[in-house]
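Reader: I have a structure on my screen and some short questions about it. Can we take them in turn?

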Amino acid sequence: MNREAFENRLQDLLDARRSPASDAELARAADEQPDLRPLLAAYELLASAPRSVPALQSDLTERVLREWKQLPTPARPAMPSWLAPLAAVAATLVIATSIAFLAQDRGANRLVDKPSENSAKIAQTPNTDAPDLNRLTRQAAQNYRSLAANTEASFSSALSVVQPNRHKAPTTDPTAAQDSNWLRSVPNNLRPLSNSASGAVYSLMRAVPGTENDEQEGY
Amino acid sequence: MHLLGERSRERDNLRDDELELVRRCLAGEQAAVTALVDAFRGAVFGLCYRMLGHRQDAEDVTQESFVRALRSLAGFDLTRDFKPWLLAIAGNRCRTMLSTRKRRPPMALPAEGVEDHLPGVEEAKHLGEEVELALSQLREEYRQAFSLFHQEQLSYAEIGEALGCPVGTVKTWVHRARKELAAALIQRGVVEEQRHESRGV
């Protein structure tokens, strides 16, 4: 065993808190190589290094207790000082955003809920702008219907790809009739999902005379 | 295997006892605070003394460490061991004090005059003094790591928490400390002398 291996083994023994004197291999190596003996003796001495710490004053516990009693709330975890203002700002932002959204949504709902009164008033008002409003409303209705038709056509073509038998032979099965009606109801089903603006346009369209039964008027 | 299992059980029991003490302290029980301080004062003072090398400073920091630990006890993670947490607090306080001192901590034992006691004193005391003298000439990190491992019987992990450095670094410091100490003891003829004395007996 060379000197380096000898010292590494000594280190391992001391890491494990074992005495080098108890290791037979080291003792044998030290017997064979006298120059390793001082090293073995030095590590033995280090392994049994005495604890030379002076005695601690006996009143330490009393002093700690005195200070502990003066602590205001020892069991409460301290909150970081920056956390309170941050939480207040975050809460304010959340409340302000909620109020803004609620106000916006309420405005749109008001337009949807009472379109007929507004529209009737507008229609009855002898105003030169009235024809323009009617024309714009009709244009909006036309756009909406065009969109619905496009949507229906898209669904129809998609459905013909997915379920090619659906449009083949007519059947007397009542569920089949429901299926055929289902396709027509797609735009109506989509309507609640649309945003407030298109909902308002739809309601306006229903309220303005002449746009309710638009098919009869050639739309 | 059997011995390892037994040690593990002993450690678990010790940990349970420590956690029970912590819970009672959190409940505001004065007797538990007394028991906690009594249980760990030796370890904390030993660490502070090894790091600061000054008795009065070590006592002050020990007291301060306990007060800080009790103040922060509600934030202690009960799944962890209490002793490393407490030693980490003490280590932080020692580092703060060392940084304010701006001077190398003096060792408790004087470097001079040890040789005067060589003949005629008890062998153990003499060897202890020789080790302390060699220790005082080591780099501060080596000295602290060695003392905490061998003289305070802390584990590498506990020393790492106390000194605020990785376990691998602590191990390296302890190994280098041993190597330098062994060389110093051989150079001073301490171990040769010990051998002669043993033969003489």
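Reader: What percentage of the residues in chain B are buried?

Author: This is a predicted model. A residue counts as buried under 20% relative accessible area. Chain B has 201 residues, and the buried part of them is 46%.

Reader: Which pattern does chain B follow along the sequence?

Author: Chain B has zero strands. Its helices number nine. Read along the sequence, the pattern is therefore written with helices alone: α-α-α-α-α-α-α-α-α.

Reader: What share of the contacts in chain B with a separation of 6 or more comes from residues 24 or more positions apart?

Author: Contacts in chain B with a separation of 6 or more are the ones to look at here. Among these, residues 24 or more positions apart account for 67%.

Reader: Why is α6(B) described as largely enclosed by the rest of the structure?

Author: Helix α6 of chain B covers residues 140-151, 12 residues in length. Its buried residues include B:Tyr142, B:Phe146 and B:Phe149. Charged B:Arg143 is also one of them. The helix is largely enclosed because its buried residues number 10 of the 12.

Reader: How far does α6 of chain B reach from its first C-alpha to its last?

Author: At 1.5 Å a residue, the expected value is 16 Å. The helix comes close to that, reaching 15 Å.

Reader: Is B:Ser155 buried, exposed or partly exposed?

Author: B:Ser155 is found in the loop between α6 and α7 of chain B. Its relative accessibility is 29%. Buried needs under 20% and exposed needs over 50%, so B:Ser155 counts as partly exposed.

Reader: How large is the area buried between chain A and chain B?

Author: In this interface, 37 residues of chain A are in contact with 51 residues of chain B. Carbon and sulfur atoms give 62% of the buried area. The total is about 4000 Å².

Reader: Which side chains meet in a salt bridge between chain A and chain B?

Author: The count of salt bridges between the two chains is one. Its N to O distance is 3.0 Å, and the cut-off is 4 Å. The partners are A:Asp15 and B:Arg178.

Reader: Which helix gives the largest share of the side of chain A that touches chain B?

Author: α1, α3 and α4 of chain A each supply at least two residues of that side. The largest share is nine residues, and it comes from α3(A).

Reader: How many residues of the side of chain A that touches chain B are nonpolar?

Author: Five residues of that side are polar. Nine are charged. The nonpolar ones number 23.

Definitions and conventions
Residues are numbered from 1 along each chain as its sequence is written. Chains are lettered from A and ligands numbered from 1 in the order in which they are written. This is a predicted model: local features need pLDDT of at least 70, side-chain atom pairs count only at pLDDT 80 or more; totals for chains, interfaces and linings use all residues. Side-chain values use heavy atoms; hydrogens and water are left out. Contact means heavy atoms within 4.5 Å. Buried area is the accessible area (1.4 Å probe) that two parts lose on being put together, summed over both. Helices (H or I, at least four residues) and strands (E, at least two) are DSSP runs, numbered from the N terminus. The expected span of a helix is 1.5 Å times one less than its number of residues. Buried means under 20% relative accessible area, exposed over 50%, partly exposed in between (1.4 Å probe, protein chains only).
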